[in-house]
Structure formats: C-alpha cells, structure tokens
Amino acid sequence: MKASAPHRFSSLPDSGGPAWPGARPVKLAIVGGGAAGMFAAAVAAERRLPALVIERKARLGAKVLMTANGRCNFTKDLSAEDFLADVGPCAEFVEAAVRSCPPRQIIEDIQSLGVRVHRMADGRMFPADGRATTIVHAFGDLLRDSGTPILANCPVTAIRRRGDGFVVPTRGFDLWAENVLLATGGVSYPKLGSVGDGQAFARALGHRVVPYRPGLVGFDLADARIRQRAGTRFEEGRAKVLDAAGRVLFEYRGEVDCESFGVAGAAVYNAQRFVEHAQLADWTLEVWLGGEAMRFRNPRPRPVKEAIVTLGGVALDEVNPATMESRLVPHLYFAGEVLDIDGPTGGYNLTLAFATACLAVRSM
Ligand SMILES: Cc1cc2nc3c(=O)[nH]c(=O)nc-3n(C[C@H](O)[C@H](O)[C@H](O)COP(=O)(O)OP(=O)(O)OC[C@H]3O[C@@H](n4cnc5c(N)ncnc54)[C@H](O)[C@@H]3O)c2cc1C
C-alpha cells in the first residue's frame with residue numbers, strides 16, 4: 001500500500017516564528033481573572049505592557065465576590081515586616097513580592113481605583129460600602145478604560161511552549177503569547193472557577209506540585225454540645241492547639257461558630273491551618289465558647305473544596321522569588337494560590353495574590 005503523504009499542516013514550524021503569516025503574539029497572556037489575574041492586568045495596563053486576560057468563568061473575580069461574606073477583606077494595614085512575621089511558612093518566598101507591593105501600597109492602589117476604604121480597629125481593610133462587588137467593578141472599569149482585552153467564559157486547556165513563547169489553547173482557538181502568567185488559583189471552592197488547571201499545566205511543563213490540603217477550614221465534631229449550639233456565633237471565642245502532653249502550641253482569639261457539622265470561624269480556621277502546616281499526628285483542639293472550654297482529640301478538618309485557601313500547589317523551589325518566573329520554563333510566571341503559598345485569615349491571602357501578581361508583571 002502506498003504510504004500516505006504527510007499532512008500538509010505538519011510542516012508548520014514547531015518553534016520560532018509564527019504559524020500564521022503576519023500573526024503577532026500577545027505580549028502577556030494572563031490565565032485566570034481572579035484576584036491575582038485582575039491585579040496583574042491592572043499593573044500591566046499601568047506599565048503599558050500589552051496583556052490579555054483569559055477567564056474560565058463568565059465573569060471576572062467570582063471568588064473575590066465571595067470573600068469575607070461578600071464584603072472583601074482585601075488586605076491588612078500592616079508594614080511589610082509585620083505582614084511577613086504573621087504570614088507563616090511561605091514568608092521567605094513571598095518576601096520580595098510583599099516588599100515590592102506591601103499592604104499599604106495595595107490600600108493606595110485600591111483607593112486609586114476610586115474605591116473608598118474602611119479600616120477596622122485591628123487593621124483589616126474593606127471597601128467602605130462593605131461590598132466586594134465595588135472592588136471587582138473597579139478592576140473591571142480600569143481594564144475597560146485601559147483597553148485590556150478580556151476573554152471570559154473561556155477555559156484555557158493547556159500551555160505549550162513554542163520557540164521563546166507559548167501556545168495557549170482554549171476550547172475554540174489557540175492564542176500565541178510571549179509570556180504567560182498562571183493565575184488560576186487553588187482548588188478550593190471549585191464552583192468559583194479554581195479547579196487546579198494551572199497546577200496541571202505547570203506539571204505538564206515539568207514543575208512539581210505539592211499535594212493539596214485544606215487551609216482555613218472548620219472541623220467535623222460529632223458532639224451534642226456543639227450540635228445544640230448550631231447556628232450560634234461566639235465573637236469573643238478562642239481556639240487552642242495542644243500537643244499530646246497538654247502544652248499549648250497555638251492560640252488564637254476570635255470568632256468561633258458552631259455549625260451542624262462541628263466548628264468554624266476565624267479562630268478555628270487559624271488553628272486548623274496551624275495543625276496542617278505543623279503536620280501534627282496527636283493533638284487536641286480546645287475551643288472556648290463564651291465561658292465554656294471544650295476539648296476534642298484529633299478532630300477531622302472539612303474537605304479542601306470547602307477551605308478558604310488551598311495548601312499545596314506549584315512547588316516554590318522551582319520558582320524565582322525575585323521575579324515569580326519559573327526556574328524551569330523561561331517566560332512562564334505564577335501568581336496567587338496556584339503557588340504553594342497561603343496566609344492566615346484577615347486579608348493575607350488576597351494580599352499574597354496581589355503582591356505576587358504585581359512582582360511578576362513588574363519583572364517582565
Ligand atoms: C469563601 C472565601 C472567603 C475568603 N475571604 C477572604 C478574605 O476576606 N480576605 C482574603 O484575603 N482572602 C479571602 N479568601 C481567599 C482569597 O479569595 C483567595 O486566596 C484569592 O482569591 C486567590 O486569588 P487567585 O487569583 O490566586 O485565585 P482566584 O481568585 O480563585 O482566581 C483564579 C481564577 O482563575 C480562573 N481559572 C481557573 N482555571 C482556569 C483556566 N483553565 N482558564 C482560565 N481561567 C481559569 C478561575 O475561574 C478564577 O477566576 C477567601 C476565600 C474563600 C473561598
């Protein structure tokens with residue numbers, strides 16, 4: 001049988017020049033239009049770096065709209081030093097990002113978008129009208145005014161290297177980009193768009209991905225005393241983590257919420273994150289509910305899909321902390337929760353997303 005002729009398109013160059021005569025790559029494809037992606041696009045617009053935002057969901061910032069029960073605690077009014085002292089295990093990696101875009105810079109940036117802000121006594125920052133939509137709309141307005149193209153309802157399906165740049169396929173067509181910023185988020189609250197795509201793309205390009213665990217989530221507790229109080233919030237609550245010998249390893253004063261499944265709220269979330277990072281095998285949670293302390297040995301956290309933040313993600317030792325560029329794939333950048341970074345409750349996680357996005361774009 002006669003060998004069939006090679007498919008005529010197979011002769012298209014696989015590296016180097018354009019596949020389409022006259023085609024031009026976009027300078028920067030921002031994959032993911034959440035907190036990090038929107039901030040990155042704003043910084044790119046300010047620097048006149050031609051960028052395009054590609055978002056899986058029909059609109060930008062779905063998760064940002066859900067933050068702090070729709071109020072958006074967008075940062076905490078702290079110096080870079082104090083922020084880094086609080087942030088936990090990723091502090092060293094995010095130091096350059098936080099120093100180049102500290103919380104006070106983020107507050108100014110948000111104000112410069114025309115958003116009036118409100119500072120709580122503890123430094124947590126919110127839009128003054130208490131509406132996360134105000135922040136998302138402000139970014140949307142800036143992107144409109146700067147003429148930044150936005151492809152919504154458009155999941156990116158892979159990232160492939162092509163010469164010095166990348167092909168960015170979507171379901172209907174391919175894009176060609178000189179630089180790619182992966183800002184696709186973690187894997188918690190997947191209905192809001194973050195499903196782990198960026199980590200899969202990074203893995204296909206040779207990156208290691210640290211296994212996912214829940215961060216800032218409640219505990220399941222089959223306990224009648226908690227069930228009786230389901231629906232009650234203890235604003236002046238407290239959560240402690242004790243080791244097997246009864247020594248206090250961690251303590252956080254703040255809200256404790258009794259739920260039908262167990263306990264939640266800021267104090268509990270921070271205790272859970274501590275336990276997850278410390279990888280404790282035998283420990284006790286003590287919750288303080290308005291006058292009564294209750295202890296629970298080795299309670300089970302709720303699943304990662306319910307967590308406020310994802311622990312795990314693209315391994316930090318393969319990303320340059322001074323630029324957020326991949327150490328393996330030139331011109332590939334990362335920002336936000338796609339990375340193995342996380343902070344406590346109180347505006348830290350949005351700050352990390354904004355600061356890493358800012359540093360990535362400034363480094364291009
Ligand atoms: C309920 C809740 C409340 C929270 N409250 C706060 C708070 O008050 N303060 C705070 O600091 N942090 C808060 N957080 C955490 C904070 O929202 C996240 O850490 C932050 O949004 C992470 O930003 P990101 O840009 O990395 O990811 P995301 O904001 O999740 O954005 C990722 C985007 O990428 C898109 N995407 C994913 N895959 C693709 C693909 N293949 N192609 C194209 N687009 C894709 C997604 O649709 C999504 O829009 C909260 C989180 C939750 C779940």
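## Ligand shell

Three helices each supply at least two residues of the shell around the ligand: H1 (35–46), H2 (62–66) and H10. The model is predicted. In it, 40 residues surround the ligand. The closest are Gly32, Gly34, Gly185, Gly193 and Gly336.

By class, the shell around the ligand divides into 20 nonpolar, 14 polar and six charged residues.

## H1 against H10

H1 and H10 both contribute to the ligand shell. They also pack on each other, at an angle of about 35° and with their axes 8 Å apart. H1 passes H10 in a right-handed crossing. On the H1 side, the contact is made by Ala35, Ala36, Phe39, Ala40, Val43 and Ala44. On the H10 side, the residues are Leu350, Ala353, Phe354, Thr356, Ala357, Cys358, Ala360, Val361 and Arg362.

The contact of H1 with H10 holds 13 nonpolar residues, one polar and one charged.

## H1 against H6

H1 has another packing partner in H6 (residues 132–145). The angle is again about 35°. Here the axes lie 10 Å apart. H1 passes H6 in a left-handed crossing. Met38, Ala41, Ala42 and Ala45 of H1 meet Phe139, Leu142 and Leu143 of H6.

Seven nonpolar residues make up the contact of H1 with H6, with no polar and no charged residues.

## The buried side of H4

Which residues of H4 (residues 91–100) are buried? They are Phe93, Val94, Ala97 and Val98. These four are on the same side of H4, because they cover an arc of only 115° around the axis.

The buried residues of H4 pack against two helices, H3 (80–87) and H10 (348–362). H10 thus appears in several settings: it packs with H4, it packs with H1, and it supplies residues to the ligand shell.

## Pro102, between H4 and H5

Pro102 lies in the loop between H4 and H5 (103–112). Is Pro102 buried or exposed? Pro102 counts as buried, because it has 21 C-beta neighbours inside 10 Å and the cut-off for a buried residue is 20 or more.

Leaving aside residues up to four places away in sequence, Pro102 touches Ser79, Ala80 and Phe83. Arg203 is 101 residues from Pro102 along the chain, and the C-alpha atoms of the two are separated by 30 Å.

How values were computed
Residues numbered from 1 in each chain as written. Predicted model: local features only at pLDDT ≥ 70, side-chain atom pairs only at ≥ 80, totals over all residues. Buried ≥ 20, exposed ≤ 12 C-beta atoms within 10 Å, placed from the backbone. Arc of directions from axis to C-beta. Contact = placed C-beta atoms within 7 Å. Near = placed C-beta within 6 Å. Nonpolar A, V, L, I, M, F, W, Y, C, P; charged D, E, K, R; others polar. Axes fitted to C-alpha atoms, helices over the stretch in contact; angles between N-to-C directions. Left-handed = near helix turned anticlockwise from the far one by under 90°.
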